[in-house]
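Reader: Hey, can you walk me through this one? I'm new to this, so plain words please.

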Amino acid sequence: SAIDQVNAVQKESGRLATAYQQGDPDVTLAQVVIASEKSGVAFEAMTEIRNRLVNAYEDVMNMPI
C-alpha cells in the first residue's frame, strides 16, 4: 500500500504539471512545485526504506548458523 501511495503522489504531481502547462487557471505554479517536492520526498523515502530492508536481509543471510 505504501508503494501505491507513492505512485498516487507521483501521478498527482504529473497531473498538476500537465494542467499548469496547458494553462489551467485553477492550478498555480506553487501547487506544481509543492506536488513535485512531495513526490520527490516520497520516492526518496521509499528508496531508503528499500535499501534498509535489503541491508537487513543481507545481514541475516550472512549470519553464521
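Author: Sure, one term before we start: buried means under 20% relative accessible area, exposed means over 50%, and partly exposed is in between (1.4 Å probe, protein chains only). This is a predicted model, where local features need pLDDT of at least 70 and side-chain atom pairs count only at pLDDT 80 or more, while totals for chains, interfaces and linings use all residues. Residues are numbered from 1 along each chain as its sequence is written, and side-chain values use heavy atoms, with hydrogens and water left out.

Reader: Ok, is Thr47 buried, exposed or partly exposed?

Author: Thr47 is partly exposed, because its relative accessible area is 25%. Thr47 sits in helix 2 (helices are DSSP runs of H or I with at least four residues, numbered from the N terminus).

Reader: And how far is Thr47 from Ser1 in space?

Author: They are 15 Å apart, C-alpha to C-alpha, with their positions 46 residues apart in sequence.

Reader: New topic. What does Ser13 touch, leaving aside neighbours within four places in sequence?

Author: Ser13 is in contact with Ala35, Ser36 and Ser39, where contact means heavy atoms within 4.5 Å. Ser13 lies in helix 1, residues 2-21, and counts as buried because its relative accessibility is 11%.

Reader: Does Ala35 turn up anywhere else, I mean, which residues make the largest nonpolar core?

Author: Leu16, Ala19, Val27, Val32 and Ala35 make up that core. Such a core is a set of buried Ala, Val, Leu, Ile, Met, Phe, Trp, Tyr and Cys residues joined through side-chain atoms within 4.5 Å. Helix 1 and helix 2 are the elements that each give two or more residues to it.

Reader: How many salt bridges are there?

Author: Two. A salt bridge is a side-chain nitrogen of Lys or Arg within 4 Å of a carboxyl oxygen of Asp or Glu. Glu12 pairs with Arg15, with the closest N and O atoms 2.7 Å apart, and both lie in helix 1, three residues apart, about one turn of the helix.

Reader: What about Arg52, which residue is its partner?

Author: Glu48, and here the closest N and O atoms are 3.2 Å apart. Both are in helix 2, four residues apart. Arg52 counts as exposed because its relative accessibility is 57%, whereas Glu48 is partly exposed at 39%.

Reader: Last one: why does Val60 count as exposed?

Author: Because its relative accessible area is 52%. Val60 lies in helix 2, residues 29-61.
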